[in-house]
Amino acid sequence: MTSFTDLGLMAPICQAVAAEGYETATPIQEQAIPVVLSGQDVLGLAQTGTGKTAAFSLPILHRLAESKKRPGPKKVRCLVLTPTRELAVQVGASFATYGVHLRFKRTVITGGVGFTPQMNALAGGLDIVVATPGRLLDLATRGYAQLDQVECFVLDEADRMFDMGFINDIKKIIAMLPKERLNLLFSATMPPAVAQLAEQTLRNHKRIEVSPTSSTVERIEQKVMFVQKDKKKDLLVSVLNEQNINRVIIFTRTKHGANRLAEQLGKSGITAEAIHGNKSQGARQRALSEFQTGKVRALVATDIAARGIDVEGVSHVVNYELPNEPESYVHRIGRTARAGAEGVALSFCELEEVPYLRAIEKVIQQTVPGDDTHNFHDASIAEQRNSPHIKAPKLQRGGNKGGQGQGQSRNHGGGQQRQGQGHGQGRTTGAGAAAQHGRGRGGQGGRARTTRAA
Ligand code: AMP
């Protein structure tokens, strides 16, 4: 097991990491940190939960600190692009935490909030910018940000960038970067479009793939409950009332469904907030912090809004509706079992969702055990899971296909929307590397990384 000092990181960074309770590096950190420190590009195949954020932010902080340059007005030294606002805020907070003993100027730039503070922050130049593509492109095109001196460029969750229709913005941003720079590209999956982007962006890169053994999935107790569509709400209320569930994330397929369910739960006496792409950034952060502090028990989320949410102490995930992309199932249930903890994932399956269940089981290579002990159990639906007539739907390949997934609003100033549909790729499991290493954050139960970087 490798310590952070062994990896060659400077003392102020190791101190910050130790204060977070990290004792040893996760596999992605062990492999990526020395490569980034040596100045080589990295293609990282890793999911959230593997410690990938620290895998790039720690060596970047080290490199920025070593070179001792100062950013000129409007210039940016390190640029990290993320697909969602929440992830940008979290990655920004990670840089703040790990760089607490270093004096870097940094900011998070996303849509959904005012331009002026972002323009002001950029005016003096910044060491680190974590941004969603749309807003950054707006600012750069209008001349408020100059990206021609970027030393390190990180593209996080590249596969999601495609799903969300950001690729053109990303290409425009890349065209603004200097030729000489360090590039790091992280993705949970490697559909052909991402592989092509990696080919175009990276130079002489090292490919690092963390093995999905001891996956998040394996540490989660999964159950499927067969229930008629119009009984799902009652089942949910009874599950939340009967089981000892303090902090639960409930997934719906649509934004509208998330709003409605949060409202219905409220009427049934269960405190809940919805979080999805149509909510303002302020509303999303407020919902998250109420969830994190325990003011609300349930967060009702759509897939993309929930991606990257890193709240500790989530004991249960409920798939109120099964995702039509099997890979989303892995991401969803990975919201519990963060940083080595265990969790429970309950999936409510109505008749029409049985094919989705098939697809999920194919991807996770497990049968999800059925739970027929509840009052709303529908045996006829349960029987269908074994029916030879029901087949898993064909997986879609490549990003940006239309379909039943919910579109998420882009973070672009104009509030333009694009529909995105996922790909189905072979990588199946969310690696839960943290568990293997017996690490964890000391005494911070229930903490969400929602702090906005200054
Ligand atoms: P990420 O994959 O970057 O989303 O990180 C997942 C979680 O693991 C976060 O809560 C991190 O704080 C935590 N984490 C990252 N690296 C380590 C480590 N070396 N030891 C313990 N926890 C870690």
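## A tour from strand E1 to helix H16

Select Gly-44 and follow its bridge into strand E6, where the partner is Phe-186. The model shown is a prediction, in which local features require pLDDT of at least 70 and side-chain atom pairs count only at pLDDT 80 or more, while totals for chains, interfaces and linings use all residues. Numbering starts from 1 along each chain as its sequence is written. Helices (H or I, at least four residues) and strands (E, at least two) are DSSP runs, numbered from the N terminus.

**Strand E1 and its partners.** Extend the selection to residues 42-45, which form E1. Two strands pair if DSSP finds at least two bridges between them. E1 runs parallel to E6 (residues 182-187), joined by four bridges. Strand E7 (residues 206-209) also pairs with E1 in the parallel sense, over four bridges; there, Lys-206 is the bridge partner of Val-42. Val-42 and Gly-44 on one face of E1, and Leu-43 and Leu-45 on the other, are all buried (20 or more other C-beta atoms, placed from the backbone, within 10 Å of the residue's own; exposed means 12 or fewer, partly exposed in between).

**Ile-28.** Next, select Ile-28 in helix H2 (residues 27-37). This residue is buried because 26 other C-beta atoms lie within 10 Å. Add Glu-209: the C-alpha atoms of Ile-28 and Glu-209 are 7.4 Å apart, although 181 residues separate the two in sequence.

**The six-stranded sheet.** Now display the open sheet of six strands, ordered E8-E13-E12-E9-E11-E10 with parallel pairing. E8 (220-226) and E10 (272-275) are at the edges with a single partner strand each, so one side of each lacks a neighbour in the sheet. From one strand to the next, the twist averages 20 degrees. Inspect E9 (residues 248-251) and E11 (residues 298-301), which pair in the parallel sense over four bridges; Val-248 has Ala-298 of E11 as its bridge partner. Helix H15 (residues 326-333) packs on the sheet, touching E8, E9, E12 (316-319) and E13 (343-349), and its direction makes about 155 degrees with that of E12. Such angles run from 0 to 180 degrees between N-to-C directions of axes, which are lines fitted to C-alpha atoms, for helices over the stretch in contact. Residues are in contact if their C-beta atoms, placed from the backbone, lie within 7 Å.

**H15 against H16.** Keep H15 and add helix H16 (residues 354-364): their axes come within 8 Å and cross at roughly 70 degrees. The two helices are therefore roughly perpendicular (65 to 115 degrees; under 35 is roughly parallel, over 145 roughly antiparallel, the rest oblique). H15 contributes Pro-326, Glu-327, Tyr-329 and Val-330 to the contact, and H16 contributes Ala-359, Ile-360, Lys-362, Val-363 and Ile-364. By class, seven of these residues are nonpolar, none polar and two charged (Ala, Val, Leu, Ile, Met, Phe, Trp, Tyr, Cys and Pro count as nonpolar, Asp, Glu, Lys and Arg as charged, the others, Gly among them, as polar).

**The nonpolar cores.** Finally, select Leu-79 and Val-130, which touch the most other members of the largest nonpolar core, a set of 75 residues. Helix H4 (residues 85-98) gives the most to this core, with eight residues. Beyond residues up to four places away in sequence, Val-130 touches Val-80, Thr-82, Ala-88, Val-91, Gly-92, Phe-95 and Val-108. Another core of 47 residues lies apart from it, including Phe-226, Leu-235, Val-311 and Ile-364. A nonpolar core is a set of buried Ala, Val, Leu, Ile, Met, Phe, Trp, Tyr and Cys residues joined through C-beta atoms within 7 Å.

Definitions and conventions. Contact = placed C-beta atoms within 7 Å.
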